[in-house]
Amino acid sequence: MSHTATATNAAAAFARELPYYEPVGNECALFEQAYRQRLPMLLKGPTGCGKTRFVSYMAAKLGRPLFTVSCHDDLTAADLTGRYLLQGGETRWVDGPLTRAVREGGICYLDEVVEARKDVTVVLHPLTDDRRLLPLERTGELLEAPDDFMLVVSYNPGYQHILKSLKPSTRQRFVAMSFDFPPPRVECDIVARESGLSHERCAALVNLAGRLRELKGQDLEEGVSTRLLVYCATLINAGMPILEATRATLVEPLSDDLDVQEGLLESIRATFG
Ligand SMILES: Nc1ncnc2c1ncn2[C@@H]1O[C@H](COP(=O)(O)OP(=O)(O)OP(=O)(O)O)[C@@H](O)[C@H]1O
Ligand SMILES: [Mg+2]
């Protein structure tokens, strides 16, 4: 199958500790309410701002198995629902991640959902309105989603292409929330916790990130992510000189344009000399 599916054993996740997630606003309460009221959820936001981590955290917190699918332009409805496969001379039906989540009462998370083929929405529509049904045409089954099933989708509006946006009839089936980079104090906590670098040194990096993010729009598609700040702090914590670490994590991944890179480096030199 062409999708990436991960099932997390909820009980095991629960027995271990929850994934680390630093709340930024009321997102945990909103997600939990949506789950309890059996409503699907749409998360929007730039790359590396914590969407995936948030969903892993909430799945573990609610004690549900998580089925994650990274959508791409070849992803079809059958990749989600399942297909007949030839196994040892016999054809056997194998559930896809969406079907497994429905059968097992889990959370199905479709990352970058705008990338998926149009036939995927046909499957999602009956599942995301009050019917909560998953018809499996090939097996003739009509599955009713249990109360503990939840569908979560995410996408990055920054890359949104006019041909690749969600139709109103799809997006208006979801409770939605926007993610953005966390406020400086929270981002500093996150970077320190994830990298092991001191709060003081992380604060300087977060401060720098704020300045680099202001350059967004000037030939930069997207501002530096929390993910890249974590990379930067991790390299510095491992002993790499600051200018080297910042170039490798806060400049090179952002742009190939030498002028844009120079603009970023200028801000970095002004901060760390
Ligand atoms: N609120 C947060 N709490 C804990 N860690 C966070 C938080 N926000 C961001 N991070 C850190 O940033 C990294 C990137 O976050 P994540 O992978 O969730 O981004 P994303 O929004 O899913 O990005 P993409 O759209 O590229 O998939 C995480 O691995 C984690 O280290
Ligand atoms: Mg993600």
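Where does Glu-112 lie? I looked this up before anything else. Glu-112 sits in the loop between S6 and H6. I kept in mind that this is a predicted model.

**Entry: backbone angles**

I checked phi for Glu-112. The value is near 50 degrees, which is positive in a residue other than glycine. I then turned to Arg-38. Its phi is near 60 degrees, again a positive value in a residue that is not glycine. Arg-38 is in the loop between H2 and strand S2 (41-44). Is Arg-38 buried or exposed? The answer falls in between: Arg-38 has a relative accessible area of 41%, so I wrote it down as partly exposed.

I also looked at the end of H5. Gly-105 follows this helix, and its phi is positive, near 70 degrees.

**Entry: the largest core**

Which residues of the largest nonpolar core touch the most other members? I found Leu-98, Leu-110, Leu-134, Phe-149 and Leu-151, out of 30 residues in that core. Next I noted which elements give it two or more residues. The helices are H4 (77-81), H5 (97-104) and H6 (119-128). The strands are S3 (66-70), S6 (107-111), S7 (133-136) and S9 (150-155). H6 gives the most, with four residues.

I wrote one general remark beside this. Nonpolar side chains tend to be buried together in soluble globular proteins.

I picked Leu-110 for a closer look. I left aside its neighbours within four places in sequence. Leu-110 is then in contact with Val-69, Cys-71, Leu-80 and Leu-124, among others. The list also includes Leu-151, Val-152, Val-153 and Ser-154.

There is a second, separate core of 26 residues. Its members include Val-191, Cys-232, Ala-245 and Leu-250.

I returned to H5 and listed its buried residues. They are Pro-97, Leu-98, Thr-99, Ala-101 and Val-102.

**Entry: aromatic rings**

How many aromatic pairs does the structure hold? I found five. I went through two of them.

The first in my notes is Tyr-21 with Phe-54. The ring centres are 5.2 Å apart and the planes are at 50 degrees, so I recorded the pair as tilted. The two residues are 33 residues apart, in distant parts of the chain. Tyr-21 is in the loop between helix H1 (10-15) and helix H2 (27-36), while Phe-54 belongs to helix H3 (residues 51-62). Both Tyr-21 and Phe-54 are buried.

Phe-54 also pairs with Phe-179. Here the centres are 5.3 Å apart and the planes are at 55 degrees, so this pair is tilted as well. The pair links distant parts of the chain, 125 residues apart. Phe-179 lies in the loop between strand S10 (175-178) and helix H8 (184-195). Phe-179 is buried, like Phe-54.

I then looked for a wider group. Tyr-21, Phe-31, Phe-54, Tyr-57 and Phe-179 form one aromatic cluster.

**Entry: charges over rings**

I found the charged end of Arg-193 over the ring of Tyr-20, 4.1 Å from its centre. I also found the charged end of Arg-213 over the ring of Phe-181, 4.0 Å from its centre.

**Entry: cysteines**

How many disulfides does the structure hold? The count is zero. I checked Cys-71. It is in no disulfide, and the nearest cysteine sulfur, in Cys-108, is 8.4 Å away. Why is there no bond between Cys-108 and Cys-71? At 8.4 Å, the two sulfurs are too far apart for one. Cys-71 counts as buried because its relative accessibility is 9%. Cys-108 is buried too, because its relative accessibility is 0%.

**Entry: His-125 and Leu-166**

I located His-125 in helix H6. Its relative accessibility is 14%, so it counts as buried. Which side chain does the side chain of His-125 meet in a polar contact? The partner is Thr-170, at 2.9 Å. I also listed what His-125 touches, not counting residues up to four places away in sequence. I wrote down Arg-131, Ser-169, Thr-170 and Arg-173.

Last, I looked up Leu-166. It is in the loop between S9 and helix H7 (168-171). With 11% relative accessibility, Leu-166 counts as buried. Its C-alpha atom is 6.1 Å from that of Val-114, and the two are 52 residues apart along the chain.

Definitions and conventions: Residues numbered from 1 in each chain as written. Chains lettered and ligands numbered in written order. Predicted model: local features only at pLDDT ≥ 70, side-chain atom pairs only at ≥ 80, totals over all residues. Heavy atoms only, no water. Core = buried A, V, L, I, M, F, W, Y, C linked by side-chain atoms within 4.5 Å. Buried < 20%, exposed > 50% of the residue type's maximum accessible area, 1.4 Å probe, protein only. Contact = heavy atoms within 4.5 Å. Phe/Tyr/Trp six-rings, centres within 6.5 Å; stacked < 30°, edge-to-face > 60°. Lys NZ or Arg CZ within 6 Å of the ring centre and 35° of its normal. Disulfide = S-S within 2.5 Å. Polar contact = N/O pair within 3.5 Å; in protein donor to acceptor, adjacent residues only side chain to side chain.
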